[in-house]
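Please read this report with the sequence and the structure side by side. The text deals with confidence, the interface, the core and some single residues.

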Amino acid sequence: MLNDISCRSRKSSPFAGTASCTPPRVILGPARLIRLCENKHDITTINEQQKSGSAPFVGSPRSPSSQSPYLKVSVSDPAKMGNGVQAYISYKVSTKTNFPEYDGPEKIVIRRYSDFVWLRDRLFEKYKGIFIPPLPEKNTVEKFRFGAEFIEMRRQALDVFVNRIASHHELQQSEDLRIFLQADEQTMERARSQETGIFLKKPADLMQIFKGVQSKVSDVVLGKEKPAEESDPEYEKLKNYIFQLEDHLAEAQKHAHHLVKRHRELGQSLSDFGKAVKLLGNCEESALGNAFSELGTPPLDEFEEPLKDYIRAVQSIKATITERANAFRQNCELAEAIKFKEIDMNKLRITRSEKLGEAQHEYEELKADGAEAARRFEKIVKLMNEEIIRFQEQKTLDMGLAFHEFAKGQADLANGIAAAWRSLLPKLEACSS
Amino acid sequence: MMGPETNKYPRGKRDEEEEEEEEGEERGSEGIHHPLYTAEQMQTLALDDGIPFNGEVSTSKSYSNYRSAMTTLSSSAAEHPLIPPPAIATTPAVSDPLLFPSHNPSPDSPSYADVIYSPFHDSVPESNGNGEISKEVKISSPGSQSSSSEYLKISVSNPQKEVESSNSIVPGGNTYITYLITTSTNVLDYGGSDFSVRRRFKDVVTLSDRLSEGYRGVFIPPRPDKSVVESQVMQKQEFVEQRRVELEKYLRRLARHPVIKKSDELRVFLTVQGRMPLPTSIDVASRMLDGAVRLPKQLLVESRSVVEPQDVLHPAKGGRDMLRFFKELKQSVVNDWGNSRPLVEEDDKEFLKKKEKLWELEQHLTNASKQAESLVKAQQDMGETMGELGLAFIKLTKFENEQAVLNTQRVRAADMKTVAMAAVKASRLYRELNAQTVKHFDTLHEHMGLMLAVHNAFSDRSSALLTVQTLISELSSLHSRAEKLETASSKIFGGDKTRIRKLEDLKDAIRVTEDAKSCAIREYERIKENNRIETQRLDGERHADFVNMLKGFVTSQVAYSERIANEWAKVAEETSKYAKESSS
């Protein structure tokens, strides 16, 4: 039960607001949750994913000692390192697993935000078509303030991030994930500094890029300006949906954000009013004044964070959409290139040029690339279709829980207020008789 | 005491119609519905007044003395001849329900019900401007058990434009607005039960000025402000309506004041048809002019310029007697800067302490009013933001439904709708709560307005004291002059005719001044007594008012918080399956 965990504030959505002893509840996967309790590092359920992907996942054994494969991660103990401009926050990442590729059942490493970014980028590179779980915002300015609340929210978001990866049937197999979870700090640092887009690409990839530019230019010159785009109507609909969804969510999130502020303001003005009334003198008014100040409302960040997470997830999907568009375009361009090569080759065959051999060799290569590109594209399409379903189902559960928590929070808050006020009434009665 | 609290609040869930019915029932059993004068409060007042019942009488006696001395009421006031002292003295004894302390408030005090269940049902409702008193209002009776309960119901309505037909050179003349003032009463002195007159704002100013003169030392409710605006604005409907509301509030406050409501001035204002017979306040300028005209004579014929006894009943400032005004001014300077202390001074320590406390209270009131304002704003903002959140979710819901490809999307859309509807409802509830809160806080503003009345009453006292002090100085200087003359003329045997005459004049002056002094002292004492009684009354009223305000405020907070909690609890219940799933 969500109320099991013995912590006074029963915040249980993915990113509970306050920094005080909050057991972060993490929502993963379409049907199962991993709950992590910070205080005890006590992970009570695991998520066993079937390799089939989009099917709802079967229930999971509770005890960690079972023989089925598991991978549990937690992010904890944020600590400020360094000074001044160089300052950053480091996190402890603890892994418990029985995956054979991992060395040892348990491992603890220290990671910082940019390590998580590295991991996300790597996964994004490798697993095109899969919606990589989103990271919390970079926030270069705010991080300098390093407020406790900010750090805690970031920690929770990072925790959710890693766990979503660890529970995704494909992503959990990633080697990069393993590096992230296991490598020592030097290796990590080296890996991180190598990650800068262009430098990572193989020379062949570079050629691709150039070729892409080339064909584009020729296209433009030849008057074929329109870049190749999918025309699948269903996919169009999906893209539309994703983009509009982001707008709608952004608006909801804006108001959720304001709501937090309003609650705080209301609490504050109630307490100020109480103090002012106290000064008006007489017994009942001072009792009232005290009660007023006690009625300060707790911050309600609960609703904003799930919405933010939703938005980030949508943005991650947008990134995947871009990837798909890229893959599609590559596919098209290669198909075109192959066609031209064929024409060339036929020309050369007719003129019995000695370049024919070379051309044939290139042709074969192109065909291989083309096949590869087509495969890549199809994989992305297939994955995306599965991922969309997974995403939608997951989001229904995520939001369902978020709504529940929000509603409960509001109800509890209002009830608390009602009870506090009610307790004053007898005192007021006494004063008037 | 209220019944078990749980009984009260569920009632909030019933429909508006039922609430009205309940109102009717409670109305039958309980006479008072004015939030400021709940049953308990009336009882408190009754107890307060019950003790100084004699004080009430003696005050009335001093009023009657004053009235017989007062000569400025025009003769048309003969319609209500100066009420002979016995009548005043007996009226409170017989018919003032405030002095019936035996009433016990019924357990179901109506103030809570009013507050929760009828957000726009004001127990002292404003008339709707059509000349109808829209609801029954019993203002001054503690309960229907008392058979001689008095009431004085006033409503202001029907503003109309009228042209000043007089001797204006400008064609078309001045236009002004008159209001229909309807009164319904069973007070014997009124000699009738229903009255209807037309008055303009100037008449109200006159009424207010006459009351200030006639009831020095009393905390007279302050009248609505004169507005310095263009005549075009004066005729705009908003302005006129606002003024109508203010006038009504003002007159009702007067009718509630235990002393003022018995005044002739109010009665005349409410009942006399046609032109109002109260003497108008001639503006200060012309008074000053008059006074300035008289001044040279006063200075030249010095021995004649004595203050007549009846004059001391009015403050020097603003009167026609400039010389007196200057003398008192000089006296006040002497008081502040002179070496010796005046013979009579404010020595009532109680009073001084009370004054201090009242000014402190004024500060606190202002502060509380400011905080109340921010609270109201915060509640309003909360309602707005909650509403916006709800709307955003409704849009999302529509969107998901329109675009749904998978069933899970429809499920999510349905969940979202639940949340959205609850948010919208909560927003509405916050707004209703706020409307009520605003009304409750009216009490704060009323009392802040009353502070002005207190200031005026206390300055009545100090100016009366000043008059006394001035007369005493005057007397002592007259005496010393007389002494000098006597010693001088005693040296001349047979006397100097002129000197003897002068001495006679001086002796006359001394006599008159002595009389004036006694009069002034009596007046001063009377005002002091008024201050004392009023202060006590106000303290009691304020205490009761604030308790009621807080009760009302707290009660509505409870009621609305519960309703809001219920809405969200329903949503939590409907989405609880997600929680259960996540936990298994």
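What follows is a description of a predicted model, beginning with its confidence and ending with individual residues.

**Confidence and make-up of chain A**

Chain A averages a pLDDT of 74, and 70% of its residues score at least 70. Over residues 1–65 of chain A the pLDDT is below 50, although this stretch has 160 contacts in the model beyond near neighbours in sequence. A second stretch of chain A, residues 197–206, also stays under a pLDDT of 50, and for this stretch the model has 6 contacts beyond four places in sequence. Where pLDDT is low, the predicted coordinates should not be read in detail.

Chain A holds 10 helices and 6 strands, and buried residues make up 51% of its 433 residues. Of the contacts in chain A between residues at least 6 apart in sequence, 68% join residues at least 24 apart.

**Where the two chains meet**

The interface brings 69 residues of chain B into contact with 67 residues of chain A. Between them the two chains bury about 6100 Å², and 71% of this area lies on carbon and sulfur atoms. Charged pairs are also present, since the rule finds 3 salt bridges across the interface of chain B and chain A. In the salt bridge between Lys395(B) and Glu251(A), the closest N and O atoms are 3.3 Å apart.

**The largest nonpolar core**

Which residues have the most contacts inside the largest nonpolar core? This core has 92 residues, and the ones with the most contacts inside it are Phe393(B), Leu444(B) and Trp568(B). The elements that give two or more residues to this core come from both chains: α7 (233–278), α9 (304–351) and α10 (355–432) of chain A, together with α13 (349–403), α14 (407–491) and α15 (497–574) of chain B. The largest share, 19 residues, is supplied by α10(A).

Leu444(B) can be followed in more detail. Leaving aside neighbours within four places in sequence, Leu444(B) is in contact with residues of both chains, including Phe273(A) and Leu280(A) on one side of the chain boundary and Leu365(B), Phe546(B) and Met549(B) on the other. As general background, nonpolar side chains in soluble globular proteins tend to be buried together.

**Individual residues**

Two residues other than glycine have a positive phi, namely Asp77(A), with a value near 50 degrees, and Asn158(B), with a value of about 55 degrees. Most residues other than glycine have a negative phi. Asp77(A) is placed in strand β4 (residues 71–81) of chain A, while Asn158(B) is placed in strand β1 (residues 152–163) of chain B.

The relative accessible areas of these two residues, and of three others, are given below.

| Residue | Relative accessible area | Class |
|---|---|---|
| Asp77(A) | 42% | partly exposed |
| Asn158(B) | 30% | partly exposed |
| Cys332(A) | 24% | partly exposed |
| Cys519(B) | 13% | buried |
| Ser459(B) | 37% | partly exposed |

Cys519(B) counts as buried because its relative accessibility is 13%, under the 20% limit for that class. Cys332(A), at 24%, is partly exposed. The count of disulfides over all chains comes to 0.

Ser459(B) is found in helix α14 of chain B. Although Ser459(B) and Gly217(B) are 242 residues apart in sequence, they are 8.0 Å apart in space, C-alpha to C-alpha.

Definitions and conventions: Residues numbered from 1 in each chain as written. Chains lettered and ligands numbered in written order. Predicted model: local features only at pLDDT ≥ 70, side-chain atom pairs only at ≥ 80, totals over all residues. Heavy atoms only, no water. Helix = DSSP H or I, 4+ residues; strand = E, 2+ residues; numbered from the N terminus. Buried < 20%, exposed > 50% of the residue type's maximum accessible area, 1.4 Å probe, protein only. Core = buried A, V, L, I, M, F, W, Y, C linked by side-chain atoms within 4.5 Å. Contact = heavy atoms within 4.5 Å. Disulfide = S-S within 2.5 Å. pLDDT = per-residue confidence, 0-100. Buried area = accessible area lost by both parts, 1.4 Å probe. Salt bridge = Lys/Arg side-chain N within 4 Å of Asp/Glu carboxyl O.
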